[in-house]
Amino acid sequence: MPASHIEFHVEEPSMEAFLAAWLPRFLPEDCSFEIHPYPGKGALLRKIGDRLRGYAAWMPSGYRIVVIVDRDRDDCGELKSTLEDFSKSAGLRSKRAGGTDWQVATRIAIEELEAWYFGDWQAVRQAYPRVSPNIPRQARYQDPDAITGGTWEAFERVLQKHGYFNQGLAKVQAATAIGQHIDPDRNRSRSFAVFRDAIAEAAA
């Protein structure tokens with residue numbers, strides 16, 4: 001059955017701001033959502049096991065849970081296994097196990113949320129029109145999920161070069177501004193596409 005409600009657990013306020021701006025444009029009107037931010041990935045990883053066990057005790061059939069963390073410099077496979085173990089220990093059905101009746105999907109932004117911005121540069125230019133349209137053609141930015149040296153630092157450098165955030169990237173402000181324009185079908189980030197497809201499946 002289609003999800004009537006999705007609970008999102010995210011590691012920081014910028015992802016909360018991005019989802020709050022983007023989800024109302026993507027989800028059907030009859031699917032509600034709530035976003036739970038944590039003060040960093042470490043806090044999420046410490047607490048999410050208990051949170052999932054709490055859900056297991058009462059969660060209605062129309063609910064889904066999506067847990068999103070940045071990969072940062074962690075091993076992607078190990079991080080994914082850690083997240084999946086939390087679902088298994090809570091007795092909740094994971095999307096990874098297959099089937100459409102899953103209760104929990106764990107997703108990783110590679111390497112960080114800002115990779116999703118590089119994946120839809122048109123959305124960035126709608127929010128910050130002075131940035132160059134040629135950024136995606138540069139070799140270092142052609143694969144949004146393979147940008148080296150820190151994705152948010154790279155994003156900050158590009159925007160500062162064009163006169164934005166000279167005092168440092170305001171992550172929540174940028175997340176809200178860009179989230180309002182992200183096109184789910186246009187985004188070139190593979191990790192965004194995997195996240196998007198899970199949400200689309202839940203709400204279909």
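Student: How many salt bridges does a search of the whole structure find?

Tutor: Start with the general idea. Side chains of opposite charge can pair when their charged atoms come close. In this predicted model, the whole-structure search gives 8 salt bridges.

Student: Which residue forms a salt bridge with K80?

Tutor: E84 does, with the closest N and O atoms 3.7 Å apart. Place the pair next. K80 and E84 both belong to helix α3, residues 76-90. They are 4 residues apart, about one turn of the helix.

Student: Are K80 and E84 buried or exposed?

Tutor: Both are buried.

Student: Which residue meets K95 in a salt bridge, and where do the two lie?

Tutor: The partner of K95 is E201, at 3.1 Å from N to O. This pair links distant parts of the chain, 106 residues apart. K95 sits in the loop between α3 and β4, while E201 sits in helix α8, residues 190-203.

Student: Why does K95 count as buried?

Tutor: Check its relative accessibility against the cut-off. Buried means under 20%. K95 counts as buried because its value is 18%. E201 has a relative accessible area of 31%, so E201 is partly exposed.

Student: What does D120 pair with?

Tutor: D120 forms a salt bridge with R186, and their closest N and O atoms are 2.7 Å apart. Here too the pair links distant parts of the chain, with the two positions 66 residues apart. D120 is in the loop between α4 and α5; R186 is in the loop between α7 and α8. D120 is buried, at 1% relative accessibility. R186, at 27%, is partly exposed.

Student: Which residues are linked in a network of salt bridges?

Tutor: K41, D72 and D74 are linked in this way.

Student: Now the strands. In which sense do β1 and β2 pair?

Tutor: Read the strand direction, then the bridges. β1 (residues 5-10) and β2 (residues 32-37) pair in the parallel sense, over 6 bridges. For a landmark, take I6: its bridge partner in β2 is F33. The connection runs from β1 through α1 to β2, a right-handed β-α-β crossover.

Student: What should the span of α1 be, at 1.5 Å a residue?

Tutor: The 14 residues of α1 should span 20 Å, and the end C-alpha atoms are 20 Å apart, so the two agree. Look along the helix as well. α1 has a kink of about 30 degrees at A20, shortly before the proline P24.

Student: Which residues of α1 are buried?

Tutor: They are S14, M15, A17, F18, L19, A21, W22 and L23.

Student: What do the buried residues of α7 pack against?

Tutor: First list them. In α7, residues 171-179, they are A174, A175, A177, I178 and G179. They pack against α1, α4, α5 and α6.

Student: Why is β4 described as largely enclosed?

Tutor: Count the buried residues. All 6 of the 6 residues of β4 are buried, so the strand is largely enclosed by the rest of the structure. Then check each face. V104, T106 and I108 cover one side, and A105, R107 and A109 the other, all of them buried.

Student: Which strand pairs with β4 in the parallel sense?

Tutor: β3, residues 63-70, does so over 6 bridges. V67 stands opposite T106 in β4. From β3 the chain crosses through α3 to β4, and this β-α-β crossover is right-handed.

Methods
Residues are numbered from 1 along each chain as its sequence is written. This is a predicted model: local features need pLDDT of at least 70, side-chain atom pairs count only at pLDDT 80 or more; totals for chains, interfaces and linings use all residues. Side-chain values use heavy atoms; hydrogens and water are left out. Buried means under 20% relative accessible area, exposed over 50%, partly exposed in between (1.4 Å probe, protein chains only). Contact means heavy atoms within 4.5 Å. Two strands pair if DSSP finds at least two bridges between them. A crossover is right-handed if, with the strands pointing away from the viewer, the path from the first strand over the helix to the second runs clockwise. The expected span of a helix is 1.5 Å times one less than its number of residues. The bend at a residue is the angle between axes fitted to the seven residues ending there and the seven starting there. A salt bridge is a side-chain nitrogen of Lys or Arg within 4 Å of a carboxyl oxygen of Asp or Glu.
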